[in-house]
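Here is a short report on the fold of one protein chain. It covers the strands, their pairings and the nonpolar cores.

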Amino acid sequence: FESDKMSKINRDGLTECLRAVLQGSKDKKRNFLETVELQVSLKNYDPQKDKRFSGTVKLKHIPRPKMKICILGDASHCDEAKANDLPFMDAESLKKLNKNKKLVKKLAKKYDAFLASDSLIKQIPRLLGPGLNKAGKFPSMITHSENMVQKVQDVKATIKFQMKKVLCLAVAIGHVDMSEDELYNNTLLAVNFLVSLLKKNWQNVRALYVKSTMGPSQRLY
């Protein structure tokens, strides 16, 4: 990313924000791992007319380590998932859901993301109907040449920016057990990627905030 895009966020300002977020979560310890999120408010953007953007970027450090990912696999992928203690379903189990909307919805709710074998992915709409797609959780593909555990880690590290009908969006960029440096790297990556998606780059950004799940927002930009 070019440095002039970078200059809108200065190092000290970002470090200060993240420090405040981390300190806030230490002062009020919650009994779950708080996620740190980036909240974005846009301007000069008309969701009705302008092209809605969406894009994914892989962060350096996994923002949501507890993310639950299910493998929709062929026989050998199911064996591999089993061997690595990963939740999985084969085509038969998917058929048993019988395209029942409630059951598919329940499945989509149960997991944060899905990976499907290359041989199975084309059949997903036929087996399940549009449920996973509607939930924004259509599976990513996994092939036999890929290492499944690594692929799961990659999915956990990937965040998605998606413009909906409103001018604000939020993504997870880390959690409160991360070091300041790890959060710093993730935030920069996420912000720069988001800005690169916007039509007028920084001119579309009204404000940026960083906050932990239960903590107050810290204004970054």
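Two strands count as paired if DSSP finds at least two bridges between them. The model is predicted.

**Overall**

The chain holds 10 helices and 10 strands. Its C-alpha trace spans about 55 × 45 × 35 Å along the principal axes. Of the 221 residues, 43% are buried. Among contacts with a separation of 6 or more, 76% join residues 24 or more positions apart. The chain exposes about 12,500 Å², and carbon and sulfur atoms supply 49% of that area.

**Strand pairings**

The table lists four pairings, each with its bridges and direction.

| Strand | Partner | Bridges | Direction |
|---|---|---|---|
| β1 (residues 35-42) | β9 (residues 205-212) | seven bridges | antiparallel |
| β2 | β7 (residues 158-162) | five bridges | antiparallel |
| β3 (residues 69-73) | β5 | four bridges | parallel |
| β5 | β6 (residues 140-142) | three bridges | parallel |

**The four-stranded sheet**

One open sheet has four strands in the order β8-β1-β9-β10, paired antiparallel. Its edge strands are β8 (168-175) and β10 (218-219), and each of them pairs on one side only. Within the sheet, Leu 38 has Val 210 in β9 as its bridge partner. Helix α10 (residues 180-197) lies across β1, β8 and β9. The helix runs at about 155° to β8.

**β2 and β7**

Which side chains of β2 are buried, and which are not? In a regular strand, side chains alternate between the two faces of the sheet. Strand β2 (residues 54-58) shows this alternation. Gly 55 and Val 57 point to one face and are buried. Ser 54, Thr 56 and Lys 58 point to the other face and are not buried. Across the pairing, Gly 55 stands opposite Phe 161 in β7.

**The largest core**

Nonpolar side chains tend to be buried together in soluble globular proteins. Here the largest nonpolar core has 36 residues. Leu 38, Phe 53, Phe 161, Leu 208, Val 210 and Leu 220 have the most contacts inside the core. The elements giving two or more residues to this core are α2 (11-27), β1, β7, β8, α10 and β9. Helix α10 gives the largest share, eight residues.

Two bridge positions described above recur here. Leu 38 and Val 210, bridge partners, are both among the core residues with the most contacts. Phe 161, opposite Gly 55, is on that list too.

What does Phe 53 contact, apart from its neighbours within four places in sequence? Its contacts are Leu 42, Tyr 45, Phe 161, Gln 162, Met 163, Leu 169, Leu 194, Leu 197 and Leu 198.

A second, separate core has 17 residues. Met 89, Ile 121, Ile 124 and Leu 127 are included in this second core.

**Strand β5**

Is β5 covered on one face or both? Both faces are covered. Ala 113, Leu 115 and Ser 117 lie on one side, Phe 114 and Ala 116 lie on the other, and all are buried. That makes five of the five residues in β5 (residues 113-117) buried. Strand β5 pairs in parallel with β3 and with β6. Toward β3, Cys 70 stands opposite Phe 114. Toward β6, Ser 117 stands opposite Ile 142.

Key: Residues are numbered from 1 along each chain as its sequence is written. This is a predicted model: local features need pLDDT of at least 70, side-chain atom pairs count only at pLDDT 80 or more; totals for chains, interfaces and linings use all residues. Side-chain values use heavy atoms; hydrogens and water are left out. Contact means heavy atoms within 4.5 Å. Axes are lines fitted to C-alpha atoms, for helices over the stretch in contact, and angles run from 0 to 180 degrees between N-to-C directions. Buried means under 20% relative accessible area, exposed over 50%, partly exposed in between (1.4 Å probe, protein chains only). A nonpolar core is a set of buried Ala, Val, Leu, Ile, Met, Phe, Trp, Tyr and Cys residues joined through side-chain atoms within 4.5 Å. Accessible areas come from the Shrake-Rupley method with a 1.4 Å probe; for residues, only the protein chains shown count as cover.
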